[in-house]
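The following exercises concern how two chains meet in a model. Each task is followed by a worked solution.

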Amino acid sequence: MTVGASSAATVAAAQRFQAAMPDMGASLLATQAMAAPGELLNLSLNASAVLPEAAVLLAMIATLLVDLAGEKVATRWVPPICYIGLGSSLVLLALQWNAPLEPSFLGAFLADNLAVAFRAVIALSTLLSLLISWRYAEKSGTPVGEYAAILLAATLGAMLLCGATDLVSVFISLETLSVASYLLSGYMKRDARSSEAALKYLLVGSAAAAVFLYGSSLLYGLSGSTSLDTIGLALQSSTTPLAALALVFVLATVAFKIAAVPFHQWTPDVYEGSPTPVVAFLSVGSKAAGFALALRILVGCFGAFDDQWKLLFTVLAVLSMTLGNVVALAQTSMKRMLAYSSIGQAGFVMIGMVCGTEDGFAAMVLYMAAYLFMNLGAFACIILFSIRTGSDRISDYAGLYQKDPLITLGLSLCLLSLGGIPPMLGFFGKIYLFFAGWANHQYLLVVVGLVTSVISIYYYISVIKMMVVKEPQEASDVVKAYPDVNWSLMGMQPLRVALIGCVAITAVGGILSNPLFQWANTAVAGTPLLQQAIALSSLKGLG
Amino acid sequence: MTIATTTELICFLVLSAVVVIGALGVVLLSNIVYSAFLLGGVFTAVAGLYLLLNASFVAMAQILVYVGAINVLILFAIMLVNKREDLKAIANLTTRRAVSAGVCAGLLALLVRVVVTTPWSLPGPPAVGEEATARIGEHLFTDYLLPFEVASVLLLMAMIGAIVLARRDVLATDVVTGEVADQGLIEKARTPLLMNRAE
């Protein structure tokens with residue numbers, strides 16, 4: 001009977017897999033098939049792996065409780081609570097660095113170095129996004145407490161997504177991140193643009209989630225397990241067309257999350273309509289989570305389909321770099337320009353993934369970290385500009401250096417770094433990516449990357465030219481009516497701290513980037529998943 | 001062929017026909033109320049398929065959640081927004097319909113081909129039957145504990161978000177300066193967008 005077909009495949013796959021790999025993963029299978037509940041309860045949960053997430057969760061609950069006392073109290077107390085929660089989460093993550101590996105929650109979560117690195121990037125991006133959002137949220141008259149709580153929930157989902165090693169955990173954390181992102185992009189509810197952004201994001205995102213669910217149901221049907229390890233083993237022994245179909249479905253969702261062309265259509269509209277601090281989080285935190293998911297599923301699960309997904313990713317990377325950077329040339333809105341540039345930047349990061357070498361993965365991690373600082377620095381500047389002037393049009397930046405040297409300097413440095421001009425942090429990240437790609441003979445990707453980098457430098461520099469070169473009488477009306485620089489309002493100081501911090505790291509980090517290189521290399525070295533993939537691909541290269 | 005397998009086959013054929021025809025109706029009918037009621041029919045028939053597979057817990061959950069909650073909610077939403085509005089005619093509607101029909105037919109052909117070419121091994125594992133509820137509970141508190149707990153965060157956050165978006169703030173102010181705020185983006189639109197502000 002056809003209705004029993006998928007469950008029948010389960011048994012077949014499980015038998016085949018057990019015959020092929022008797023020892024590895026057998027304990028996991030045994031865990032799931034075990035009938036007696038008593039034995040299961042004796043297994044160690046090893047729940048300390050999610051302590052950083054617990055800190056974020058506690059901060060979220062505390063934020064909600066404080067918010068009950070009214071908007072004034074919330075404005076005063078929500079920021080410190082969020083700082084404490086995210087700060088302790090970062091400290092706990094640092095303690096997990098290079099810790100002995102043990103799967104927690106009976107195989108639902110794994111805190112390897114890759115997960116720790118990406119979770120740190122996400123927690124830091126939330127911290128910086130929150131620092132730059134207080135004044136923005138207050139000025140627009142929206143409730144601050146709920147805003148912080150939803151952003152923390154998104155962080156929680158994104159962080160869990162980085163370490164999830166089970167399809168069910170992956171899906172639930174992905175949904176937590178996505179639903180929170182929809183809510184955040186529609187947070188300026190009286191603004192039609194914000195509602196439009198939320199609606200578009202919701203519709204496209206739900207379709208992507210449905211496609212992911214369909215793909216994972218096929219994977220479950222093939223392997224009889226939701227654990228990514230077991231699925232990976234099962235796929236090695238059965239390279240059926242069904243598995244290829246599952247690969248396409250899963251890859252489409254991953255591409256949606258990292259906004260790779262042609263799954264990018266939502267990005268410009270959502271970025272333009274969402275509150276700017278939310279865009280800052282979406283462009284860094286959400287993207288980092290997407291890349292972590294891509295590594296877990298594609299490298300971890302679809303090792304048998306290495307050539308296929310690498311080919312697909314090459315196409316996606318070439319399209320993303322080309323379209324993102326070329327269309328960014330024509331933008332008049334700063335947010336929209338950064339949206340297209342973020343599509344292009346995701347294309348650069350994909351080069352590292354396609355390589356599949358030690359350097360490639362390390363370059364990915366390094367570039368994500370560099371991108372965190374330079375992109376959030378740029379966002380801090382444009383948020384400050386829009387708080388003072390109420391505009392984000394590129395032409396309104398004309399002649400800004402006369403009135404506000406800090407924004408001019410910060411934005412210039414961050415945009416130069418995004419373009420990859422030495423000696424900024426972004427240059428070293430990009431050169432490492434291209435170096436890894438060249439060493440792996442990905443000539444097409446590297447050449448396209450180099451050409452599109454030059455294009456991107458053109459539009460980044462044209463913004464800087466707009467700010468710096470114009471004579472005072474050529475300045476835009478907005479700049480001519482520029483208000484006095486005033487940092488005394490509540491919420492301005494955190495913005496200043498975030499701006500100066502990001503810009504300083506972007507500017508100086510390039511020269512002192514050795515610790516970052518080491519950090520990225522340790523992240524790859526301390527991750528068994530990536531090490532296996534590297535060993536396999538080098539074996540392939542020899543044979 | 002025994003009477004049991006015949007009955008099962010007949011039930012399966014009837015339920016499948018209801019699912020397929022109902023789903024086509026949901027998509028193709030132009031009256032949204034018909035579509036919503038047909039969707040309820042599809043959900044119920046899918047619950048019937050689960051029962052045929054001896055998964056009574058999933059069948060009940062399907063009825064309670066999808067038919068009882070989600071479908072009723074959809075109907076409520078349709079009834080609350082009872083506004084007749086003549087939408088603008090879409091250009092090249094026939095071509096667009098033909099293209100999307102072609103894409104869907106292609107996807108269907110692909111799926112059918114994959115189902116036919118995949119070497120399924122029959123019969124499948126024996127159904128757990130009445131033990132299923134206990135087994136699901138066991139899983140929820142052992143190997144699926146983490147997703148189960150994260151789901152509660154997801155629901156809490158979705159609830160708060162829905163309230164924030166739906167509640168009516170009569171007067172919004174900047175808490176720090178006391179100025180009146182409009183709860184819109186700080187960057188004001190100066191170019192005409194797809195939608196004009198409804199004020």
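**Exercise 1: Charged pairs**

Task. State how many salt bridges the rule finds across the interface of chain B and chain A, and examine one of them.

Solution. Step 1: in this predicted model, the rule finds 3 salt bridges across the interface of chain B and chain A. Step 2: one side-chain pair that meets in a salt bridge is Arg167(B) with Glu146(A), at 3.7 Å from N to O. Step 3: this pair qualifies because the criterion requires a nitrogen-to-oxygen separation within 4 Å.

**Exercise 2: Polar contacts and the elements of chain B**

Task. Count the residue pairs in polar contact between chain B and chain A, and determine which helix of chain B gives the largest share of the side that touches chain A.

Solution. Step 1: the count is 16 residue pairs in polar contact, both residues at pLDDT 80 or more. Step 2: on the side of chain B that touches chain A, at least two residues each come from α1 (3–28), α4 (93–117), α5 (132–140) and α6 (145–166). Step 3: α6(B) provides the largest share, 15 residues. Step 4: by class, that side of chain B comprises 36 nonpolar, 12 polar and 11 charged residues.

**Exercise 3: Extent of the contact**

Task. Give the number of residues in contact from each chain and the area buried between chain B and chain A.

Solution. Step 1: chain A contributes 82 residues and chain B 59 residues. Step 2: the buried area is about 6300 Å², with 70% given by carbon and sulfur atoms. Step 3: within chain B, Leu185(B), Ile186(B) and Glu187(B) lose the most area to chain A, together 12% of what that side buries.

Conventions: Residues numbered from 1 in each chain as written. Chains lettered and ligands numbered in written order. Heavy atoms only, no water. Contact = heavy atoms within 4.5 Å. Buried area = accessible area lost by both parts, 1.4 Å probe. Polar contact = N/O pair within 3.5 Å; in protein donor to acceptor, adjacent residues only side chain to side chain. Helix = DSSP H or I, 4+ residues; strand = E, 2+ residues; numbered from the N terminus. Nonpolar A, V, L, I, M, F, W, Y, C, P; charged D, E, K, R; others polar.
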